[in-house]
Amino acid sequence: MARQEAGVTEAQIAVHWKEEECLTPSVKFIGQAHASDPSILQRFTEDKFPECFREYADLLTWDQYWHTTLDTSNPPFWKWFVGGKLNASYNCVDRHLEQNRNKAALICVPEPEDEEDRVITYQELYVQVNEFAALLRDCCGLKAGDRVTFHLPMLPELPVSMLACARLGVIHSQVFGGFSGQACGDRIVDSGSHVLITMDAYYRNGDLIDHKVKADQAAEHAERNGMKVDKVLVWQRYPGKYSSSVPMKDGRDYFVNDLLTEYRGARVAPVSMPAEAPLFLMYTSGTTAKPKGCQHSTGGYLAYVAGTSKFYQDIHPEDTYWCMADIGWITGHSYIVYGPLALCATSVMYEGVPVYPDAGRAWRIAERLNVNIFHTAPTTIRMLRKAGPDEPRKYQYHFKHMTTVGEPIEPEVWRWYYEAVGKGEAVIVDTWWQTETGGFIGTTLPALHPMKPGSCGPGALGIFPAIYDEEGKEVEAGSGKAGNICIRNPWPGIFQTIWGDPDRFVRTYFAKYCKNKDSKDWRDWPYLAGDGATQAADGYFRILGRVDDVINVAGHRLGTKELESASLTVEEITEAAAVPVLDEMRGRAVEMYVALRPGLSPSEEIATKVSKAIEDIIGKIARPKHVWIVPDMPKTRSGKIMRRVLAGISNFADPGDIMTLANPEIVEEVRHKVQAEKVAIGEVPRELSPEELEEIKRFGNVD
Ligand code: WTA
């Protein structure tokens, strides 16, 4: 309905799409690829489901083999590999020792260029994971099923902490290091963690950032909200030296490096966990202010990330693989830590900013370490391109394979990635997936499918996507018409539930298209991804972006409600609306519209307070590009704020039909003020493409 009112029909949008030309990988790549024989596609056809995923599970070492591949008795709470038992830390570490104990598991590159890499072999990883696991068990009393929150930066202590928890069956919940103390505190409360693991400081853009200060804020915020943090374990950026300005709290805060002296040489037997035991929580944003703790399983998840790392990342034992994501996001969990380590790969991690101290940094790392598989996000690609379009040429590295993930990539940016970064030699996989999905769900198999700039490709092996319209009818496959992309079947990597809120899990992801809620047949329970998409005649999907109230900033999901609630903590503000605005670097940026309490007049100071509140409550990444103080919000007669109208104004696009508003006159007033100011500072966007216009018209979902 909304779409038609806005004057564009789905069919019309489709007509505007320009088909990109496909490229094929080199013969050299195909010759060495894991999946170069098309018979693999036959092994994963729909009639082979769910047994096809045995192939992924068989990449793992099981303590006890499972008896049921997929149990659908309680939809949509699917259980994979039922009856099976395994340990994730054993699978990522111990089992590699016999043949590869001296192989580098992790190569950790500090941001300061004069600091040495930390190369951690599988043997060394084994030692560190065991000692830390012993500490967690004996000093913190942690046992299988307990939750622990981490607020750790991109340093090896993070994967060590993850694997130590996994060894004990303890559920870890890593909060992105850049998030605020308060955001961390909220996640401590939601997950029910009594232990917080953090670090005193880390480098970002040349500064040693005080991070422990956030741990104090997190623990205090959690305590105010009913969750007492008993212990804060503090890793040190420089072992033996404290690099934070805030005091250690007696009886609560402990230096890990001090405690570890008691556990030198300790070994902890990996706890054999049921396949469906939770491995970790990863919080992500949705339509309400409360973030969702996506719960991932041990067996299904690990099998899925191992399988997709093998076939899609094409990781071989001799490769040096670098995923330049943060482990605080799902990409790092699946494709820096669990997937690559399960395959006994060498995984590179980098502490800092990709363009610090200059635009050549990433390429120097690649050259020095002989990285041959590279994995990053469109926002970083845009940043690298802007900072130094000709930089890659200056360095002697050769990638065989590159990944893009996290947001739609513009074909133009894709081509720079291919030609400049990949030097025309590397195959690209554009991997579409989500925190919820555990691993890739839409992508090409690099040796078997041609690449098409801007399109992720077909469904991944054993994944059967379909696009539905608002009424639940399947949009004709390959028709190029837009709709809501869903996955028709369960798969091992899908999250198990939202921690503590199974109803929200069912409501958000399954209720819309569930054909029969009493059905035990998975065919009746398509998974709603929350993205708009089209499918071209060749079967490739093109992801248009979120259809819910989520703004994807530089590949990070920010909920409009979270941004709005944070703004409302400023006492002068009565109403707030968050909208996306096109941003050359970050894909989308946030603009806030706020209205003041009666009697107050707009001021720069209030706008700054709003920005600051968002930064304190969510984190720097959420800082709005502008805060517009407006006399009133455009509203429906029932009082709902029309975000799409504001999004239209911010992007210099048609705000759509406003005749149904309760206060249509406000639109012109706001438009004039905002756009005049933007013009004054030279901030007029380029002409929007039909799909961008469509995204803006659709935004906010209130009509
Ligand atoms: C978007 C990140 C286009 C999409 C792994 C999805 C993408 C959201 C792609 C999930 C891609 C992710 N092309 N869009 N290749 N990959 N997205 O949970 O909107 O942080 O729903 O997971 O990012 O973001 P999340």
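I will talk about one open sheet, a helix lying across it, and the largest cavity in this predicted model.

Because the model is predicted, local features need pLDDT of at least 70 and side-chain atom pairs count only at pLDDT 80 or more, whereas totals for chains, interfaces and linings use all residues. Residues are numbered from 1 along each chain as its sequence is written, and side-chain values use heavy atoms, with hydrogens and water left out.

Let me begin with the sheet, which is open and has seven strands (DSSP E runs of at least two residues, numbered from the N terminus) in the order S5-S4-S17-S16-S18-S19-S20, with mixed pairing, where pairing requires at least two DSSP bridges between two strands. At the edges are S5 (118-121) and S20 (427-431), each paired on one side only.

Within this sheet, S16 (residues 320-323) and S17 (residues 346-350) run parallel and are joined by three bridges, and Thr-320 stands opposite Thr-346 in S17.

Turning to the cavities, meaning sets of points on a 1 Å grid over the protein atoms alone where a 1.4 Å probe fits but cannot get out, the structure holds four of 30 Å³ or more. The largest has about 90 Å³ of space, a volume being the space filled by probe spheres set on the points, which are joined across faces, edges and corners. Its lining, counted as residues with an atom within 4 Å of a point, comprises 14 residues, and Trp-78, Lys-79, Trp-80, Ser-297 and Gln-496 lie nearest the centre.

Finally, Helix H14 (residues 361-369) lies across S4 (104-109), S16, S17 and S18 (373-376).

Notes. Helices (H or I, at least four residues) and strands (E, at least two) are DSSP runs, numbered from the N terminus. Contact means heavy atoms within 4.5 Å. Axes are lines fitted to C-alpha atoms, for helices over the stretch in contact, and angles run from 0 to 180 degrees between N-to-C directions. On a 1 Å grid over the protein atoms alone, a cavity is a set of points where a 1.4 Å probe fits but cannot get out, and a pocket is an open set with protein on both sides within 12 Å along at least five of seven lines; lining residues have an atom within 4 Å of a point.
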